[in-house]
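In these entries I record what I looked up in one structure. I begin with charged pairs and end with a surface patch.

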Amino acid sequence: MQICNSENSSVGEVPTRLPSCPVASEYPFVNTLTHLPPAALEHVARYFRTLSEPTRLRILNVLGTGEVSVGDIAAQVDSSIANVSRHLAQMAQYGLVARENRGNSVLYRIADPAVHELCDLVCGSIARRLEETVAERAAFNPAAGKR
């Protein structure tokens, strides 16, 4: 999943993405999933639960190329400002988004660039599974693949 803000991208233009974060191996204090204690695993589970809500994924998609106000996010995800604010607060609690006050406006941005890599990894995996399913089905019905 390429997180991008369609409002900021023209047709045919490759959206600008936030810089990638360093890989976990660059941080020797980060354990692999198989070596994490239960308390750390609970924290990881809360992080993933935060990402499991479709509205939050749509919000991250809007924030993909830069800073956006709550009102603009709400309009783009077809939700109320109050609902978007609640989701942003939840995501900020886990470090996914950050807010910045600018005069009378509050702008949000993706705070953890690893979100891009995680979404790319998950969406790539889903796409591969769907392609395999299509190929398997085509093997049983070759005429359907020729349409």
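**Notebook: salt bridges and a surface patch**

**Entry 1. A pair within one helix.** I located glutamate 42 and arginine 46 in helix H1, which spans residues 38-51; the two are four residues apart, or about one turn of the helix. I note at the outset that the model I am reading is predicted. I then examined the side chains of glutamate 42 and arginine 46 and found that they meet in a salt bridge, with a distance of 3.8 Å from N to O. I recalled the general principle that side chains of opposite charge can pair when their charged atoms come close.

**Entry 2. A second partner.** Which other side chain meets glutamate 42 in a salt bridge? I found arginine 49, at 3.0 Å from N to O. I therefore recorded Glu42, Arg46 and Arg49 as linked in a network of salt bridges, a salt bridge being a side-chain nitrogen of Lys or Arg within 4 Å of a carboxyl oxygen of Asp or Glu.

**Entry 3. Exposure in the network.** I looked up the relative accessibility of each member. Glutamate 42 has 37% and counts as partly exposed. Arginine 46 has 30% and is partly exposed. Arginine 49 has 44% and is also partly exposed.

**Entry 4. A pair across the sequence.** I turned to glutamate 67 and arginine 102, whose side chains meet in a salt bridge at 2.5 Å from N to O. Glutamate 67 lies in the loop between helix H2 (54-62) and strand E1 (68-69), while arginine 102 lies in strand E2 (residues 97-102), so this pair ties together parts that are 35 residues apart in sequence. Glutamate 67 is partly exposed, with a relative accessible area of 32%. Arginine 102 counts as partly exposed at 40%.

**Entry 5. The total.** How many salt bridges does the structure hold? I recorded four. Among them are the bridge of glutamate 42 with arginine 46, that of glutamate 42 with arginine 49, and that of glutamate 67 with arginine 102.

**Entry 6. A nonpolar patch.** Last, I looked up the nonpolar surface. Val122, Ile126 and Leu130 make a nonpolar surface patch of about 250 Å². I placed isoleucine 126 in helix H5, which covers residues 114-140. Is isoleucine 126 buried or partly exposed? Isoleucine 126 counts as partly exposed because its relative accessibility is 36%, and partly exposed covers values between 20% and 50%.

Technical notes. Residues are numbered from 1 along each chain as its sequence is written. This is a predicted model: local features need pLDDT of at least 70, side-chain atom pairs count only at pLDDT 80 or more; totals for chains, interfaces and linings use all residues. Side-chain values use heavy atoms; hydrogens and water are left out. Patches are made of residues with over 30% relative accessible area and no salt bridge: like charges are joined within 9 Å, nonpolar side chains (Val, Leu, Ile, Met, Phe, Trp, Tyr) within 5 Å. Accessible areas come from the Shrake-Rupley method with a 1.4 Å probe; for residues, only the protein chains shown count as cover. Buried means under 20% relative accessible area, exposed over 50%, partly exposed in between (1.4 Å probe, protein chains only).
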